[in-house]
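Subject: Structure for your review

Dear colleague,

Please find below the structure that I am handing over to you. My findings follow it, and I would be grateful if you read them with the structure open.

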Amino acid sequence: MSHTGFAAFSDSERAADPLLPRPPGALRRFWARHPYALDGILAGGFLVFALAFLFISLVDWWGSDPVLVLTKILRAVLVTVALTCAILFRRKYPLWGMGVLFVALIFPVLGPELTDIFAGAILVWSLPIYSSLRTAWIGYGAFSVAIFLANLGRGVIREGVQNGSTEGFTQMLVEVVQSSLIVCGMFLIIFLVGVNMGNRRRYLIALLDRAEQLARERDQRALLAASAERARIAREMHDIVAHSLSVMIALADGAAASTTRNPGAAQKAMLSSAETGRGALAEMRRLLGVLSVSQEESQESVERVPQPGVKNILTLVDSYRDAGLNVHYRVEGEPAIDQGQQLTVYRVVQESLTNSLRYAGVGASVDVSLWFYPGETRVVVVDDGTGTPGVRTSGSGRGLVGLRQRVEIFGGEVSAAKFGSGWKVEVTIPFASKPFDTEEMQRGLA
């Protein structure tokens, strides 16, 4: 947002965020919100002053040469209208205003009037405020030249034409130089005041723009963090629900099939299904409980448990064995100490076994192999696709996408493709030399 004054933020924005800076000065803020009101007052004041000065001058001109009087009146009217417009639009066209002043000062026949000096003070003061410093100094130089030419023209008319002597002309030239230096010196003070105010104005606007930008970036980061957290929770919920429901459906189908033939096995399958459901429900409660905790509420009210890691994979494998998969599990090497990598390995195995149960079906053979090398971790899950797909459902498409996002956090790679009549998932994760930052992991999991 670009600002034309000090009113960088609206009252509603400042009320919504009290940390936003407030521009100084109530009067300055009022004029910043109503810029053309001040310009109108200045232009109107100048117009009244110029008309009053013209009326007084008409009394002095009375009885003079009619042509000269008419010329003076014409000049006064044209210059007054032009300078009034220049003052009114001094913010938008400061350099054009100086051009009008330059023409008014060196208008032929006549020298500068008091009204020209009054308008010059306003325009010279405004120039460095509403334009660049380089442009302002060029404009002030042109104004100084115009002052000298105007004084020189008046001096030539008064002295050179009347006396016609070289000595009188030299004296006139000295007086012109002296008077021009005095006037330019006085206007230099006005100009430097404008330079100081312009620098301060630009500095304040830059500060307010920067504050607004930081506030906007802060809000954007908050929105991104909220969106990232929602995505992370959705991914965790998918892992929990997909695993638990797939196992529960497989156990329920097995229990229903063996109710008459083997009531004991059916009872065991139903108990395992209930245990799986209770575990999934508890995990979902813990996950959703974190969301419902307010800032004022004690964090101790939420039950906290460690995230699953490599040591929990054996229990996970047993649950799929109970569901009907023939899982062969082997591990080589020591797992990484980083909990983020261990959670990723756990989720890779969980998602792969869930897909094997869903698509390969009950009775399929699945090989789960984990290799923990000094430089990387490798996970390979292969099924033969020869089971009975009793729980086949349409997937959400989020499983493999979520795995890739998890693995890419650590710079790893995921490949999933058909392997014979079954399916093969292979994941490679570079070993973390130091424990992964928890906050960074949470951001990355999104």
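G40 has a relative accessibility of 32%, so this residue counts as partly exposed; to be buried, G40 would have to fall under 20%, and to be exposed, over 50%. Please note that the model is a predicted one. G40 lies in helix 3, which covers residues 35-61. Its C-alpha atom is 9.1 Å from that of F89, although 49 residues separate the two along the chain.

I turn next to the packing of helices. Two packed helices are described by the angle between their axes and by the distance between those axes.

For helix 4 (residues 66-88) and helix 6 (residues 114-130), the angle is about 15° and the axes are 11 Å apart. Helix 4 is therefore roughly parallel to helix 6, since angles under 35 degrees are counted in that way. The crossing of these two helices is left-handed. On the side of helix 4, the contact involves R75, V79, L83, A86 and I87, which meet T115, D116, A119, I122 and L123 of helix 6. Sorted by class, the contact between helix 4 and helix 6 holds seven nonpolar residues, one polar residue and two charged ones.

Helix 6 also packs with helix 5 (residues 94-105), at an angle of about 155° and with the axes 9 Å apart. Helix 5 is therefore roughly antiparallel to helix 6, because an angle over 145 degrees falls in that class. The crossing of helix 5 and helix 6 is left-handed. Helix 5 contributes P94, L95, G97, M98, L101, A104 and L105 to this contact, and helix 6 contributes D116, G120, L123, V124, L127 and Y130. Of the residues in the contact of helix 5 with helix 6, ten are nonpolar, two are polar and one is charged.

Finally, which residues of helix 10 are buried? In this helix, which spans residues 313-323, they are I313, L316, V317, S319, Y320 and A323. These residues cover an arc of only 155° around the axis, and so they lie on the same side of helix 10. After helix 10 comes G324, which has a positive phi, near 120°.

I would suggest that you locate helix 6 in the viewer and follow its contacts with helix 4 and with helix 5.

With kind regards

Technical notes. Residues are numbered from 1 along each chain as its sequence is written. This is a predicted model: local features need pLDDT of at least 70, side-chain atom pairs count only at pLDDT 80 or more; totals for chains, interfaces and linings use all residues. Side-chain values use heavy atoms; hydrogens and water are left out. Axes are lines fitted to C-alpha atoms, for helices over the stretch in contact, and angles run from 0 to 180 degrees between N-to-C directions. Helices (H or I, at least four residues) and strands (E, at least two) are DSSP runs, numbered from the N terminus. Angles under 35 degrees count as roughly parallel, over 145 as roughly antiparallel, 65 to 115 as roughly perpendicular and the rest as oblique. A crossing is left-handed if the near helix is turned anticlockwise from the far one by less than a right angle, and right-handed if clockwise. Contact means heavy atoms within 4.5 Å. Ala, Val, Leu, Ile, Met, Phe, Trp, Tyr, Cys and Pro count as nonpolar, Asp, Glu, Lys and Arg as charged, and the others, Gly among them, as polar. Buried means under 20% relative accessible area, exposed over 50%, partly exposed in between (1.4 Å probe, protein chains only). The arc is that of the directions from the helix axis to the C-beta atoms.
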